[in-house]
Amino acid sequence: MVLEDVRVHHRTGQWCSGVRTRENIVAYDMEILPPWQVPGRPTTDRCFVIADEGIQITRPVTFVDALEGGWYIDLVELEEVGPKRLAVHDLYLDIIVPPASRRYEVLDLDELAEALQDGAIDAATTIKVLRNAQNFIDKHLRNLNQDAPNSWPDFPPAAIVNLAELPPFDIG
């Protein structure tokens with residue numbers, strides 16, 4: 001696997017260290033800001049951006065109780081803002097995949113609608129977000145060929161498995 005070192009701008013304002021594959025899949029480590037840290041837990045999350053699918057996947061170490069070990073999927077756009085510098089833009093819609101169950105929750109449709117209504121996002125981008133969300137669900141969370149699904153078709157996505165095993169990236 002050929003990896004390119006990159007810096008990624010996260011919505012918290014941080015520039016984070018990471019890597020990008022030839023397939024334009026990005027992995028980076030993001031420092032959890034103090035108000036959201038959970039005592040006794042790690043203080044970084046590894047984020048994965050699958051740019052062609054318009055998604056960012058994180059397994060937040062801040063999830064506790066019923067969500068501990070679950071996944072958070074943001075619908076995003078990845079922008080090249082300079083040489084080896086990328087910005088992840090959150091596009092409002094999110095999906096949570098709790099652990100130990102075969103279900104998922106789509107969140108923040110109201111935020112997406114409000115952003116469209118307020119002009120923070122245009123209709124073409126909103127359409128892209130909705131299509132990307134459905135494509136993600138169909139590809140990774142639903143096997144349309146099974147009557148009684150007993151496993152995810154591709155979740156967590158195989159495309160991120162090797163990136164998840166990389167040692168921590170330099171924070172900062």
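This report looks at the pairings of strand β7 and then at the residue T21. The model is a predicted one, so please read the description below with that in mind.

**Strand β7 and its partners**

Let us begin with β7, which spans residues 85-97 and has a parallel pairing with β1, made through three bridges. Strand β6 runs antiparallel to β7, and 10 bridges connect the two. A third pairing links β7 with β8, again antiparallel, by three bridges. The table sets these pairings side by side.

| Partner of β7 | Residues of partner | Direction | Bridges |
|---|---|---|---|
| β1 | residues 3-9 | parallel | three bridges |
| β6 | residues 71-82 | antiparallel | 10 bridges |
| β8 | residues 105-107 | antiparallel | three bridges |

Individual residue pairs help to place each strand in the picture. On the β1 side, H9 has A87 of β7 as its bridge partner. For β6, D74 is matched with D94 in β7. Towards β8, you will find I96 opposite E105.

The β6 and β7 strands also form a hairpin, with two residues between them. If you look at K84 in this hairpin, you will see a positive phi near 60 degrees.

**T21 in strand β2**

Now for a residue in another strand: T21 belongs to β2, which covers residues 15-21. Is T21 buried or exposed? Its relative accessible area is 8%, and T21 therefore counts as buried, the cut-off being under 20%. Leaving aside residues up to four places away in sequence, T21 is in contact with M1, V2, L3 and L163.

Notes:
Residues are numbered from 1 along each chain as its sequence is written. This is a predicted model: local features need pLDDT of at least 70, side-chain atom pairs count only at pLDDT 80 or more; totals for chains, interfaces and linings use all residues. Side-chain values use heavy atoms; hydrogens and water are left out. Two strands pair if DSSP finds at least two bridges between them. Helices (H or I, at least four residues) and strands (E, at least two) are DSSP runs, numbered from the N terminus. Buried means under 20% relative accessible area, exposed over 50%, partly exposed in between (1.4 Å probe, protein chains only). Contact means heavy atoms within 4.5 Å.
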